[in-house]
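User: I have a model open on my screen and would like to understand the terms used to describe it. Could you walk me through them?

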Amino acid sequence: MDRRALVARLLADRGDLMVVTGIGSATYDVAACGDHPLNFYIWSGLGCTPSVGLGLALARPDRRVAVVTGDGDVLMALGSLGTIGVKQPANLSIVCLDNGHYSATGMQPSATSAGIDLAQAAAACRLRTEAVSDLSRADELRTLLHSGQGPIFIHARVDADDQKRVFPSRDGVAIKHRFLQAAGTPA
Amino acid sequence: MPRREREKRLARWNVEQHVHSAGQIGWPDRIHAVFRRHAIRQVGYVPDTGHARLIELCIKDNAIKDVVLASEAEGPGLVLGAALGGERAALLMQSSGVGNCVNTFSLLKNCAIPCVLLVTMRGEFNDFNPWQVPMGSITEPVLRHCGFQTYRIEREEDVEPVTDSACRMAFGGGNLQVALLLSQRMTERNKPEGH
């Protein structure tokens with residue numbers, strides 16, 4: 001499955017969905033759909049993205065939060081799947097684009113290439129898990145992302161290809177202020 | 001040691017709350033009061049004997065979302081997410097946990113996210129476990145390298161004013177990361193033996 005085609009389908013007509021992106025290819029994928037003030041791009045701390053999503057989801061239970069990230073980020077954050085499972089945030093979804101490789105660093109194989117199953121790990125951590133390997137259920141998953149009972153973990157097996165890098169802003173303070181303003185949050 | 005005295009020194013297990021209360025009174029309650037005063041809404045922690053009473057107070061407080069972290073490394077991410085959602089957050093950990101956060105602290109620095117971090121020190125005063133010394137002895141310089149303002153608290157009477165100042169520095173517009181190091185000499189007397 002083409003990762004960018006899936007991300008574009010999931011984020012279509014996104015409304016006021018808040019999106020947090022994992023460092024590396026997932027950030028480029030979301031940026032490739034077009035920049036948006038409710039995108040928060042993570043540029044450091046591999047493994048932290050699910051935790052950022054959790055803090056945001058807990059702070060804004062009135063809004064939907066989607067974390068879009070890769071297998072490398074989730075592998076480093078296996079413990080935080082448990083942390084999220086404990087809190088059961090109903091408004092949080094994690095989209096894991098699993099290509100079995102560290103595509104941003106030269107396509108070294110990740111643990112998922114050796115059969116480690118992140119969908120099973122997420123299910124064991126009490127996340128509602130959906131596993132897909134093609135676009136046939138993309139519309140259904142989009143609905144889930146926008147209104148399904150969370151916490152949701154969408155495990156998407158995607159092609160291991162190195163796509164054109166689309167760089168959004170790397171100014172953390174600027175994207176924070178833009179996000180807060182778009183979210184109507186007092187700074 | 002007489003049995004009664006030994007029991008007094010041992011930690012109590014509160015079955016109803018499933019939390020461990022080391023019989024601490026005083027400074028943890030004052031920290032909690034400061035959290036309330038500064039409208040801190042999320043508290044992330046990895047369980048720790050020194051923070052047992054404060055963790056218990058946060059769990060019982062309906063105005064605070066308590067988040068038990070699998071690793072301290074998740075803490076800065078939680079604080080960033082909370083800030084993006086307009087909520088103030090604090091982290092509780094022992095000095096060993098600071099080492100687990102070195103990379104993820106970068107989120108706070110990169111995005112100018114206010115954070116109050118309370119660190120119970122290990123490996124300094126009368127610690128039964130010498131393996132805590134290597135991390136405990138570098139905790140404060142590591143925090144400074146990570147961009148934190150650091151303040152050591154040696155005496156119980158300093159806990160409330162210093163925690164209050166830390167919250168003002170962090171949340172008063174400076175967007176600073178402030179760490180308070182609670183000396184083991186201060187916290188030690190309230191700890192059960194062997195922790």
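Analyst: Happy to; this is a predicted model, and we can take the core and the strands in turn.

User: What makes V95(A) part of a nonpolar core?

Analyst: A nonpolar core takes buried residues of types such as Val, joined through C-beta atoms within 7 Å. V95(A) is buried, and V95(A) touches L10(A), A66(A), V67(A), V68(A), I154(A) and A156(A), leaving aside residues up to four places away in sequence. The largest nonpolar core has 104 residues, and V95(A), V79(B) and V119(B) touch the most other members.

User: Why is β4(A) called mostly covered?

Analyst: A residue is buried if 20 or more other C-beta atoms lie within 10 Å of its own. In β4(A), residues 92-98, 7 of 7 residues are buried. L92(A), I94(A), C96(A) and D98(A) point one way, while S93(A), V95(A) and L97(A) point the other way.

User: How do you know that β4(A) pairs with β8(A)?

Analyst: Pairing needs at least two bridges between the strands. β4(A) and β8(A) have 6 bridges, so they pair, in the parallel sense. Within this pair, I94(A) stands opposite F153(A).

User: What makes β5(B) and β6(B) a pair?

Analyst: The cut-off is again at least two bridges. Here 5 bridges join β5(B) to β6(B), so the two strands pair, and they run parallel. L91(B) is opposite L117(B) in β6(B). On another side of the story, β3(B) also pairs with β5(B) in the parallel sense, over 5 bridges.

Definitions and conventions:
Residues are numbered from 1 along each chain as its sequence is written. Chains are lettered from A and ligands numbered from 1 in the order in which they are written. This is a predicted model: local features need pLDDT of at least 70, side-chain atom pairs count only at pLDDT 80 or more; totals for chains, interfaces and linings use all residues. A residue is buried if 20 or more other C-beta atoms lie within 10 Å of its own, exposed if 12 or fewer, and partly exposed in between; C-beta atoms are placed from the backbone. Two residues are in contact if their C-beta atoms, placed from the backbone, lie within 7 Å. Helices (H or I, at least four residues) and strands (E, at least two) are DSSP runs, numbered from the N terminus.
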